[in-house]
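Visitor: Could you walk me through this model and explain the labels you use along the way?

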Amino acid sequence: MGEVLKIRVDGEEVAARPGQTVAGVLLGMGRRSWRTTRGEGRPRGVFCGIGVCFDCLVVVNGVPDVRACRRRVADGDDVRVQRGAELPS
(Lines give C-alpha, C1' and ligand atoms only; values in the text may rest on other atoms or scores of the structure.)
Protein backbone atom coordinates (compact mmCIF):
# COMPACT_ATOMS: atom_id res chain seq x y z
CA MET A 1 0.00 0.00 0.00
CA GLY A 2 2.94 2.37 0.53
CA GLU A 3 3.81 5.19 2.87
CA VAL A 4 1.02 7.37 4.24
CA LEU A 5 1.54 10.94 5.40
CA LYS A 6 -0.64 12.64 7.99
CA ILE A 7 -1.60 16.27 7.50
CA ARG A 8 -4.27 18.54 8.99
CA VAL A 9 -6.81 20.35 6.85
CA ASP A 10 -8.81 22.98 8.71
CA GLY A 11 -8.18 21.04 11.91
CA GLU A 12 -9.13 17.61 10.49
CA GLU A 13 -6.45 14.90 10.27
CA VAL A 14 -6.21 13.60 6.70
CA ALA A 15 -4.11 10.86 5.10
CA ALA A 16 -2.04 11.76 2.05
CA ARG A 17 0.49 10.05 -0.20
CA PRO A 18 4.07 11.18 -0.79
CA GLY A 19 4.23 13.34 -3.92
CA GLN A 20 0.58 14.35 -3.72
CA THR A 21 -0.18 18.05 -4.02
CA VAL A 22 -2.26 19.93 -1.50
CA ALA A 23 -4.87 20.44 -4.26
CA GLY A 24 -4.90 16.68 -4.91
CA VAL A 25 -5.58 15.99 -1.24
CA LEU A 26 -8.32 18.62 -1.08
CA LEU A 27 -9.99 17.35 -4.25
CA GLY A 28 -9.73 13.80 -2.89
CA MET A 29 -11.63 15.00 0.18
CA GLY A 30 -14.42 16.23 -2.09
CA ARG A 31 -13.57 19.91 -1.70
CA ARG A 32 -14.08 22.07 -4.76
CA SER A 33 -13.08 25.40 -3.21
CA TRP A 34 -10.73 26.43 -0.41
CA ARG A 35 -10.11 30.14 -0.86
CA THR A 36 -12.39 33.16 -0.92
CA THR A 37 -11.80 36.36 -2.84
CA ARG A 38 -10.86 39.57 -1.04
CA GLY A 39 -13.78 41.82 -1.91
CA GLU A 40 -16.83 39.65 -2.27
CA GLY A 41 -15.81 36.41 -0.57
CA ARG A 42 -16.42 34.30 -3.67
CA PRO A 43 -15.19 30.69 -3.51
CA ARG A 44 -12.11 29.60 -5.48
CA GLY A 45 -10.27 26.32 -5.98
CA VAL A 46 -8.29 24.75 -8.82
CA PHE A 47 -8.67 26.61 -12.10
CA CYS A 48 -5.53 26.17 -14.20
CA GLY A 49 -3.89 23.42 -12.15
CA ILE A 50 -0.36 24.49 -13.15
CA GLY A 51 0.34 27.42 -10.82
CA VAL A 52 -0.37 30.29 -13.20
CA CYS A 53 -3.74 31.65 -12.05
CA PHE A 54 -3.39 31.81 -8.23
CA ASP A 55 -7.02 30.73 -7.65
CA CYS A 56 -6.00 27.77 -5.46
CA LEU A 57 -4.24 29.70 -2.67
CA VAL A 58 -4.19 28.19 0.83
CA VAL A 59 -2.34 28.76 4.09
CA VAL A 60 0.26 26.05 4.82
CA ASN A 61 2.03 25.99 8.19
CA GLY A 62 1.03 29.62 8.78
CA VAL A 63 2.30 30.84 5.40
CA PRO A 64 -0.46 32.37 3.21
CA ASP A 65 -0.65 32.48 -0.59
CA VAL A 66 0.67 28.94 -1.14
CA ARG A 67 -0.45 27.55 -4.51
CA ALA A 68 -2.17 24.27 -3.63
CA CYS A 69 -1.69 22.90 -7.15
CA ARG A 70 2.10 23.26 -6.88
CA ARG A 71 2.83 22.48 -3.22
CA ARG A 72 3.51 18.84 -2.44
CA VAL A 73 2.38 17.74 1.00
CA ALA A 74 4.85 16.90 3.74
CA ASP A 75 4.12 14.85 6.84
CA GLY A 76 2.68 17.08 9.55
CA ASP A 77 1.61 19.95 7.27
CA ASP A 78 -1.15 22.18 8.61
CA VAL A 79 -3.35 23.41 5.74
CA ARG A 80 -6.25 25.80 6.07
CA VAL A 81 -8.63 27.78 3.92
CA GLN A 82 -7.43 31.25 2.95
CA ARG A 83 -10.03 33.96 3.37
CA GLY A 84 -9.23 36.94 1.17
CA ALA A 85 -5.76 38.45 1.43
CA GLU A 86 -3.74 37.44 4.49
CA LEU A 87 -0.40 38.58 5.81
CA PRO A 88 2.28 36.05 6.81
CA SER A 89 2.16 35.11 10.49
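Guide: Here is a short tour in questions and answers. This is a predicted model, where local features need pLDDT of at least 70, side-chain atom pairs count only at pLDDT 80 or more, and totals for chains, interfaces and linings use all residues. Residues are numbered from 1 along each chain as its sequence is written, and side-chain values use heavy atoms, leaving out hydrogens and water.

Visitor: Why is threonine 37 called buried or exposed?

Guide: Buried means under 20% relative accessible area, exposed over 50%, and partly exposed in between (1.4 Å probe, protein chains only). Threonine 37 has 16% relative accessibility, so it counts as buried.

Visitor: And what makes alanine 15 buried, exposed or in between?

Guide: Its relative accessible area is 46%, so alanine 15 is partly exposed. Alanine 15 touches Val4, Leu5 and Lys6, leaving out residues up to four places away in sequence (contact: heavy atoms within 4.5 Å).

Visitor: Which residues does threonine 37 contact?

Guide: Beyond its neighbours within four places in sequence, threonine 37 is in contact with Arg42, Arg44 and Gly84. Its side chain also reaches the backbone nitrogen of arginine 42 at 2.9 Å.

Visitor: What makes a set of residues a nonpolar core?

Guide: The set must consist of buried Ala, Val, Leu, Ile, Met, Phe, Trp, Tyr and Cys residues joined through side-chain atoms within 4.5 Å. Here the largest such core has 19 residues, and Val22, Trp34, Val58, Ala68 and Val73 have the most contacts inside it. Valine 22, for its part, touches Val58, Ala68, Arg71, Val73 and Val79, not counting residues up to four places away in sequence.

Notes:
A polar contact is a pair of N or O atoms within 3.5 Å; within protein, one must be able to donate a hydrogen and the other to accept it, and residues adjacent in sequence count only if both atoms are side-chain atoms.
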